[in-house]
Amino acid sequence: MDKKLLKNYIYNILYQLVKIVLPLILAPYTATHIGVSPLGRYQYAGAIMNWFILFGVLGVNTYGNRQIAKVRDDVELRNKTFFEIFYMQICNMIIAMIAYYVFVSIVFKDGMMYYYLTGFTMLATMLDITWFFYGVEDFKKASLRNIIVKCLGVFLIMTFCKTPDDIWLYILINVGSELFGQAIMFLQLRNYLTFQRVSLRDAYRHHFKATFQLFVPTIAISVYTMLDQTMVGTLYSKDHVQYYQTSMNIVKMFLMLITSIGSVMLPRVTNVFYNDANGAEKAEAYIGTTMKISMLLAFPMCFGMMSIAKSFMSWYIPVWPILGDLIMLGCPVIILISMSNVTGIQYMVPTGMYNRYSASVIAGSCVNFAINLILIPRYGAYGAIIGSIIAELTVTTLQLLMIRSKVKFHFLQRSYLIYIIGTALMSAVVVSLTKLFPIGTLYTLIEVFAGMAVYAAVLLISREELTMKALGALHRRGGSANA
């Protein structure tokens, strides 16, 4: 991974960490000062709104990133492409926003303030041009802007929202901070673009079909994620909905370190694939490297979390002991989603394999639904997690088969064997420590750091390829800084 890709990954990871940490800081405050009922009604209104946003945005976030990456070296074509996609995005979101307000006005009679104020979030989505900065590989501006917006929102909420009656202000702060963030992005946009008039008809003719193709897998993923919770609540119990959601949120929290690579690699793979003389070969090389990086991280994250799940949940949420078992069961999705992120987001989407990508995700959705019907009535949240694992396995397997003639991952290489051996030794040490130590925060941290030390030692002693390259790059950078 070259210096620019590494910087982009670091900026994206920094933003993802902020997205995780700030809600953890804010949640106790809002629960105490605003209360469960107002927050719950706001979250429900947001869930309704997100369906309309999903249909309004279509697949613009991924498609816009890809298209800008293709033409970023041609200033005139970059201008035209941006304004066509952006105007189409505005029109789609205006239609979605009108539909949302008509829908809530007809269907809901109580608590209309929540729906009306929450709907203003759609204005921020309408003006969101993060995809452009990702396309030109300027992750610094997009990530720093997002971090500023998130921190500002938390500061304002903790300063001004003191009682349940302040829920309206809480909603407006969330909306206003997002709009402020978009204003920052437009100020930065002038460094890349000059205003250009384009035909709205051409915008839809050139881009609508492709964004709709990416919308199909987007909605398929959204539906089967939401479908799990709906089916658990309908076929088993409402309690298990909370168990399922909490356990999978904890499991998937670790994925952000890996899936962030996809956001960074998509524009790079797109650009070299379409604009380089040896684009196909370079794209394959990039994907081979990022698969190794993903597995280097995914294996220890998966089995490390499995090793500490029960002891960790015993003090983190002791009133729900079932969570330890559910987290252990769900951890394999870390490996499976990491792999499909490489094959799907980092290769199939940048190289235009939309139909095959959509087919793989839709197949996963169908498998998930069928498994849920069989297992959830008997096993509740356990059945839903098993369904998710089998669905992710289906998606990953299909995508590997679909690109096998174009990309060879060589899973029998020495590096992959090192990851497995290192993970096995790490897990053995951590499991032993969990049996030796009592339950507690300090002991869990010791277990985590001990596991990290064992895994790192295996990588270093075996002189694993990627590890040695990373250390060499750091050494060269340190040497040049001291010169």
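Lys310 counts as partly exposed, at 48% relative accessibility. In this predicted model, Lys310 is joined to Asp325 by a salt bridge, and a search of the whole structure finds four such contacts. Three of these salt bridges are described below by residue, together with a nonpolar patch on the surface that includes Val102.

**Salt bridge between helices H13 and H14**

- The closest N and O atoms of Asp325 and Lys310 are 3.1 Å apart.
- This pair links distant parts of the chain, with Asp325 in helix H14 (residues 322-330) and Lys310 in helix H13, at a separation of 15 residues.
- Asp325 has a relative accessibility of 31% and therefore counts as partly exposed.
- Its partner Lys310, at 48%, is likewise classed as partly exposed.

**Salt bridge between helices H13 and H20**

- Lys292 and Glu465 form a salt bridge in which the closest N and O atoms lie 2.8 Å apart.
- Here too the pair links distant parts of the chain: Lys292 belongs to helix H13 (residues 279-316) and Glu465 to helix H20 (residues 465-482), 173 residues apart.
- Lys292 counts as buried because its relative accessibility is 10%, and the cut-off for that class is under 20%.
- Glu465, by contrast, is partly exposed, with a relative accessible area of 36%.

**Salt bridge between helices H8 and H9**

- A salt bridge brings together the side chains of Lys150 and Glu178, with an N to O distance of 3.8 Å.
- Lys150 is located in helix H8 (residues 139-160) and Glu178 in helix H9 (residues 167-189), so the contact ties together parts that are 28 residues apart in sequence.
- Lys150 is partly exposed at 29% relative accessibility.
- Glu178 also falls in the partly exposed class, its relative accessible area being 22%.

**Nonpolar surface patch**

- Ile94, Ile98, Val102, Phe103, Ile106 and Val107 form a nonpolar patch on the surface.
- Together, these residues present about 530 Å² of accessible area.
- One of them, Val102, lies in helix H4, which spans residues 75-107.
- Val102 counts as partly exposed, with a relative accessibility of 44%; this value meets the requirement for patch residues, which is over 30% relative accessible area.

Conventions
Residues are numbered from 1 along each chain as its sequence is written. This is a predicted model: local features need pLDDT of at least 70, side-chain atom pairs count only at pLDDT 80 or more; totals for chains, interfaces and linings use all residues. Side-chain values use heavy atoms; hydrogens and water are left out. Patches are made of residues with over 30% relative accessible area and no salt bridge: like charges are joined within 9 Å, nonpolar side chains (Val, Leu, Ile, Met, Phe, Trp, Tyr) within 5 Å. Accessible areas come from the Shrake-Rupley method with a 1.4 Å probe; for residues, only the protein chains shown count as cover. Helices (H or I, at least four residues) and strands (E, at least two) are DSSP runs, numbered from the N terminus. Buried means under 20% relative accessible area, exposed over 50%, partly exposed in between (1.4 Å probe, protein chains only).
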